[in-house]
Amino acid sequence: MGDPAIDPVSLVEILLIGYLYGINFERRLIEEIKLNLAYRRFSGFDFDEKIPDLSIFSKNRIRRFKDNKLYEEIFN
């Protein structure tokens with residue numbers, strides 16, 4: 001039941017795309033991943049594969065990195 005889980009590696013890769021290309025908003029980042037084939041391939045999604053919904057992405061990011069300094073360490 002519910003939405004399928006997002007791979008943690010894909011989650012970090014999506015966040016990395018946003019950081020490297022200056023995409024500050026999650027909604028815009030997800031739209032860019034849906035449209036840009038290079039972003040899709042980098043984050044591990046095939047052309048015909050569905051990109052995770054914004055709510056799945058946001059909830060996952062908050063739960064995994066809420067009290068964890070790993071997120072800051074990666075991007076620093």
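These exercises work through a predicted model, from its overall fold to one aromatic pair.

Residues are numbered from 1 along each chain as its sequence is written. In this predicted model, local features need pLDDT of at least 70 and side-chain atom pairs pLDDT 80 or more, while totals for chains, interfaces and linings use all residues; side-chain values use heavy atoms, without hydrogens and water.

**Exercise 1. List the secondary structure elements and state the buried share of the chain.**

Step 1. Count elements: the protein chain has five helices and zero strands. Helices (H or I, at least four residues) and strands (E, at least two) are DSSP runs, numbered from the N terminus.
Step 2. Read the order from the N terminus: α-α-α-α-α.
Step 3. Take burial: 33% of the 76 residues count as buried. Buried means under 20% relative accessible area, exposed over 50%, partly exposed in between (1.4 Å probe, protein chains only).

**Exercise 2. Describe helix 1: its span, its buried side and its other face.**

Step 1. Span: the 13 residues reach 18 Å from first to last C-alpha, close to the expected 18 Å. The expected value is 1.5 Å times one less than the number of residues.
Step 2. Buried residues: Ser10, Leu11, Ile14, Leu15, Ile17 and Gly18.
Step 3. They cover an arc of only 150° around the axis, so they sit on the same side of helix 1. The arc uses directions from the helix axis to the C-beta atoms.
Step 4. Opposite face: exposed Tyr19 and Leu20 are turned away from the buried side. Leu20 has a relative accessible area of 57%.
Step 5. Helix exit: just after helix 1, Gly22 has a positive phi of about 70°.

**Exercise 3. Find the aromatic pair and explain what it connects.**

Step 1. Search the whole structure: one aromatic pair turns up.
Step 2. Characterise the pair: Tyr21 and Tyr39 are tilted, 5.2 Å centre to centre with 45° between the planes. Rings of Phe, Tyr and Trp (its six-membered ring) pair if their centres lie within 6.5 Å; planes under 30 degrees apart count as stacked, over 60 as edge-to-face and the rest as tilted.
Step 3. Locate the partners: Tyr21 lies in the loop between helix 1 (8-20) and helix 2 (26-35), and Tyr39 in helix 3 (residues 37-42), so the pair ties together parts 18 residues apart in sequence.
Step 4. Compare burial: Tyr21 is exposed at 55% relative accessibility, whereas Tyr39 is buried at 12%.
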